[in-house]
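Colleague: Could you take me through one part of this model with care, with a word on the whole chain beforehand?

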2 protein chains.
Amino acid sequence: MSVGIEPVRQLFRDLQDEIEARLADLDGEGAFEGQATSLPHGGLSWPRVLQDGANIEKAAVLFTHAIGLSLPAAATDRNPHLAGQPFQATAISLIVHPRNPYVPTAHMNLRFFLVGSTGPDRDLHWHFGGGFDLTPYYPFTEDVVHWHQTAYEACRPHGDVYARLKANCDSYFYLPHRNEPRGVGGIFFDDWIEGGFDASLALVASVGKHFLPAYAPIFERRAKMPWGEREEAFMLFRRGRYAEFNLAVDRGTRYGLQSGRNVESVLASLPPRARWTYGYKPTPDSPEATLTSRFLRPRDWLKVVDKSGD
Amino acid sequence: MSVGIEPVRQLFRDLQDEIEARLADLDGEGAFEGQATSLPHGGLSWPRVLQDGANIEKAAVLFTHAIGLSLPAAATDRNPHLAGQPFQATAISLIVHPRNPYVPTAHMNLRFFLVGSTGPDRDLHWHFGGGFDLTPYYPFTEDVVHWHQTAYEACRPHGDVYARLKANCDSYFYLPHRNEPRGVGGIFFDDWIEGGFDASLALVASVGKHFLPAYAPIFERRAKMPWGEREEAFMLFRRGRYAEFNLAVDRGTRYGLQSGRNVESVLASLPPRARWTYGYKPTPDSPEATLTSRFLRPRDWLKVVDKSGD
């Protein structure tokens, strides 16, 4: 296959439809809404959002395909010779903020960037990026192992990359001001060109297709668990950390806000509700303390044996 | 008076006590809590926070006095010759997030920075900074005019500076990604040395002493107004914008997070609860739309005549 936007664009649109349909099914009541909007030069933005569902408080599955005639110099510091060339970028980005505190928040992003006009592949500059990561409130070892096992399976046919992508994810989804990971991680990669276009696209497709097998079983197992005010309050408190990461740490969000892209789409990943409680500390050995002590630290989850029964 | 930390430190500590007492009184039920903590070389951090009060959902009045033996080069890009010298910084920072959506959120910060050892004043580098600003949800013209009138009075004995400080405030408390002011402003200044140390300290003292006369009457007038779910939902939505500003825009917060200061204090200004609703737009001509159309734009509030009766 020669390097080109079309197979990537099609993959991302298909993933959007597939994931949205399954999430609506998991919710059981709510519907995704959102208008496709034309972007300059034939681009497309299609944000699809479900709010206030039965099991999902907010989910956003966003597709974009941006086309530009001349790459701004600021966008390509590392490759100044690309400035002024035509470019395209396409991405799918999704977030699920469930209602039940026993269901983790999940996030996935896949993206492709291409600079240059059609011509011999060697004249084109391109790379992929993306991954998925999980942010539980009341985690179960079984769920986290399943999440990482599925991430491992997404990577396996595409080289021995899981460990590297897992470590990337741990480094990236990290709040330096809290000295704390955002969640239990997953896989993350950027500037990805390894093995060439076909191999990279195959890895990206595999990651995209493993999102639902990674997440849906966890969602289904936990969405019916009873919960009360205490669990909800803790989830809202932890969602404050999520907002801190997205607004104060995440490079993608910062770039999106500075680039003048649609702000509602850039900030679609923010939690529908969040809390900040000054000086909150969980009671030692409580389930809330367990999140930090047992889960919010980089671990090799493939080797964790679930002895606890939780 | 010769340049020195002591009169500033004393002013800020006195303001902390006075403002905290009045806020506790306005709340009627809650109490401020917080432990004074020694900082290296004789410094002091004293965060005082009231949470979950009757009329105040969260208020924080923070005092800090930091002492350093050697100014890091990164802290003084503009004055490289100051690197390595001893320094002191003292500040009072306060935020009030009321419960009633008809009571605006108020913020004040005053700070002083001093570099150099004791010696002739001309060898010392120092400046003041600070101001106060107001963020209403359901604003009343009368309140905003009173707020700015009091800010004007705070400045008046100290030179013709209100207009400049008001313009600074409008520029600083602004969300570029929303193309929207954070609130209705107030006064703001930085790197302030005008008229020398005594004159600058007098201005800062005047600003500090005018905070309660600016805010308390508004609080008292509005805290007993009835409100319901609609007003609360809108307040929480607008508080999301407040969190966006503090986490993604505010230079002070960014510096605080990067400098490794106590993260709970740096983020004490975050709202106790906030919401993000994708694609929310107020109904045209509703009270919620009025906030944006009539209040969230720079206006010369001293010249606004309250004809509306609201």
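How far apart are the mean positions of the positive and negative charges of chain A, and which residues of helix 6 of chain A are buried?

Modeller: This is a predicted model, in which local features need pLDDT of at least 70, side-chain atom pairs count only at pLDDT 80 or more, and totals for chains, interfaces and linings use all residues. Residues are numbered from 1 along each chain as written, chains are lettered from A and ligands numbered from 1 in written order, and side-chain values use heavy atoms, without hydrogens and water. In chain A, the mean positions of the 33 positive charges (Lys NZ, Arg CZ) and the 37 negative charges (Asp CG, Glu CD; His and chain ends not counted) lie 4 Å apart. Chain A has eight helices and ten strands (DSSP runs of at least four residues, H or I, and at least two, E, numbered from the N terminus), and 55% of its 310 residues are buried (under 20% relative accessible area, 1.4 Å probe, protein chains only). Within helix 6, residues 251-258 of chain A, the buried residues are A:Thr253, A:Gly256 and A:Leu257. Because these cover an arc of only 95 degrees around the axis (by directions from the axis to the C-beta atoms), they sit on the same side of helix 6 of chain A. The other side carries A:Arg251, A:Tyr255 and A:Gln258, which are exposed (over 50%). Among what covers the buried residues of helix 6 of chain A are helix 5 (229-249) and helix 7 (263-266) of chain A, together with helix 5 (229-249) of chain B (contact: heavy atoms within 4.5 Å). After helix 6 of chain A comes A:Gly260, with a positive phi near 75 degrees.
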